[in-house]
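Here are a few exercises to work through with the model open in your viewer. Try each task before you read its solution.

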Amino acid sequence: MIYVLCANPAWDRMLFFEGQLLLNAVNRVQRVMEVAGGKGVNVARAIKTIGGTSELLLFLGGWQGERFASFLKQEGLAFCFFPVAGETRVTTVLHEEGSGRHTVINEPGPLVPLRSTLQVERYLEEKLCSGDYLVLSGSLPRGVQRSWYAKLLALAQRKSAYGVLDTSGVSLRSAFQNPPFMVKPNVEEATELLGWTIDSQEDKLKAVSELKKRGVEIVVLSDGSRGLTVAWGLKRFLVSVEGSRVGAYGIGSGDTLVGAMVFGLERRWPVERILRFATACGLANTLCPGAGYFDLHLARVLQEKVVVRELGEKG
């Protein structure tokens, strides 16, 4: 079973503009798209699109929380929510169709009390089994200790489950007290974590090797259209896409990648098949508006353009 924790969900409101967004002026919206969002929701959505099953765990509150839960039910996503006081936050994305630029405005979310985090821990203590996957995705909400992911990773380890981590900042840094089975930082997040600039491909290989030394089995370092640098066991891989342009809707593509990878891991696919398929799903996400949404048929077509190059142990 795959459990996906989305500790800081957000109601995503995407506004599309034909031209450039003008500051200190009147802007007219071409169309509006509203969905239940948050990195963990995007992961679960990707798993469902591929044909897999997962259970979302999330904190919800207020009228927005009710709306959020209703939307998840309509999408057919299995979830268990833990109520909190206050309103589930709203994220507004201003997307310029012409340039492909987008501006993200994150509102503060509700304060999550200790009792709510303890409820999640008890739930996972009861549900997690050997061989399960626990995906910890996104930022932590107000009121939650930055070391909480480390605590949940320790719980997964006790249960012989696989912890998968995709976060940033202090939450990422503190999680290495109990290293995850898999981690997926982007270049900016890895730069902040390691404390040195990552510019070249040599830097990327050095970065994934350093994270491997910290006890992670699979390190996936993403760099947008420049592809992935991966450390998997003793092997190193470079993953790129040939002859296919990255689309304008990049929000959620990394989450889709994570969802597709965990789907493949659960089914024990070969490494290169997982990397090729997950990369294609992430690319397909950039061609479809809305975080975590993509055309599965298109992803399968795009697999043919994904190049996975193995470097071996020394990279």
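**Exercise 1: a loop aspartate**

Aspartate 223 touches Val187 and Lys204, leaving aside residues up to four places away in sequence. Keep in mind that this is a predicted model.

Task: work out where aspartate 223 sits, and whether it counts as buried or exposed.

Solution, step by step:
- Start with the location: aspartate 223 is in the loop between β11 (218-222) and β12 (228-232).
- Next, check the accessibility. Aspartate 223 has 10% relative accessibility, and the cut-off for buried is under 20%, so it counts as buried.
- Finally, look for a polar partner: the side chain of aspartate 223 makes a polar contact with the side chain of arginine 226, at 2.9 Å.

**Exercise 2: the end of a helix**

Task: find the helix that holds asparagine 285, and say which backbone atoms lie by its polar side-chain atoms.

Solution, step by step:
- Asparagine 285 belongs to helix α9, which covers residues 271-285.
- Its relative accessibility is 0%, so asparagine 285 counts as buried.
- On one hand, a polar atom of the asparagine 285 side chain lies 3.4 Å from the backbone oxygen of isoleucine 251.
- On the other, the backbone nitrogen of glycine 292 lies 3.1 Å from a polar atom of that asparagine 285 side chain.
- Now list the wider surroundings: leaving out residues up to four places away in sequence, asparagine 285 touches ten residues' worth of neighbours that include Tyr249, Ile251, Gly252, Ser253 and Thr256, as well as Gly290 and Phe294.**Exercise 3: checking a helix**

Task: test whether the end-to-end span of helix α8 (residues 253-266) agrees with its length, then say how many of its residues are buried.

Solution, step by step:
- At 1.5 Å a residue, the 14 residues of α8 should span 20 Å.
- The end C-alpha atoms of α8 are 20 Å apart, so the two values agree.
- For burial, 12 of the 14 residues in α8 are buried, and the helix is mostly covered. Among them are Ser253, Asp255, Thr256, Met261 and Leu265.
- Just past the end of α8, arginine 268 takes a positive phi of about 60°.

**Exercise 4: the nonpolar cores**

Task: which residues of the largest nonpolar core touch the most other members, and which element gives the most to this core?

Solution, step by step:
- The largest nonpolar core has 56 residues, and Leu56, Leu72, Trp232 and Met261 touch the most other members.
- α9 gives the most to this core, with eight residues.
- Zoom in on methionine 261: setting aside residues up to four places away in sequence, it touches Met182, Ile218, Val220, Trp232, Ile274, Leu275 and Ala278.
- There is also a second, separate core of 41 residues, which includes Val84, Ala175, Ala190 and Ala207.

**Exercise 5: empty space**

Task: how many cavities of 30 Å³ or more does the structure hold, and what lines the largest cavity and the largest pocket?

Solution, step by step:
- The structure holds three cavities of 30 Å³ or more, and about 80 Å³ of space lies in the largest cavity.
- The lining of the largest cavity consists of Asp12, Met14, Met33, Glu34, Val35, Val93, Ile251, Gly290 and Ala291.
- Sort that lining by element: β2 (10-17) and β3 (31-37) each supply at least two residues, and β3 gives the most, with three.
- Move on to the largest pocket, which has about 1300 Å³ of space.
- Its lining has 49 residues, of which Gly250, Ile251, Gly252, Ser253 and Gly254 lie nearest the centre of the pocket.
- Elements that each supply at least two residues to the pocket lining include β2, α6 (187-194), α8 and α9.
- To tie things together, Ile251 lines the largest cavity and is also touched by asparagine 285.

Methods
Residues numbered from 1 in each chain as written. Predicted model: local features only at pLDDT ≥ 70, side-chain atom pairs only at ≥ 80, totals over all residues. Heavy atoms only, no water. Helix = DSSP H or I, 4+ residues; strand = E, 2+ residues; numbered from the N terminus. Buried < 20%, exposed > 50% of the residue type's maximum accessible area, 1.4 Å probe, protein only. Polar contact = N/O pair within 3.5 Å; in protein donor to acceptor, adjacent residues only side chain to side chain. Contact = heavy atoms within 4.5 Å. Core = buried A, V, L, I, M, F, W, Y, C linked by side-chain atoms within 4.5 Å. Expected span 1.5 Å × (residues − 1). 1 Å grid on protein atoms, 1.4 Å probe; cavity = no way out; pocket = protein on both sides within 12 Å on 5 of 7 lines; lining within 4 Å. Points joined across faces, edges and corners; volume = space filled by probe spheres on them.
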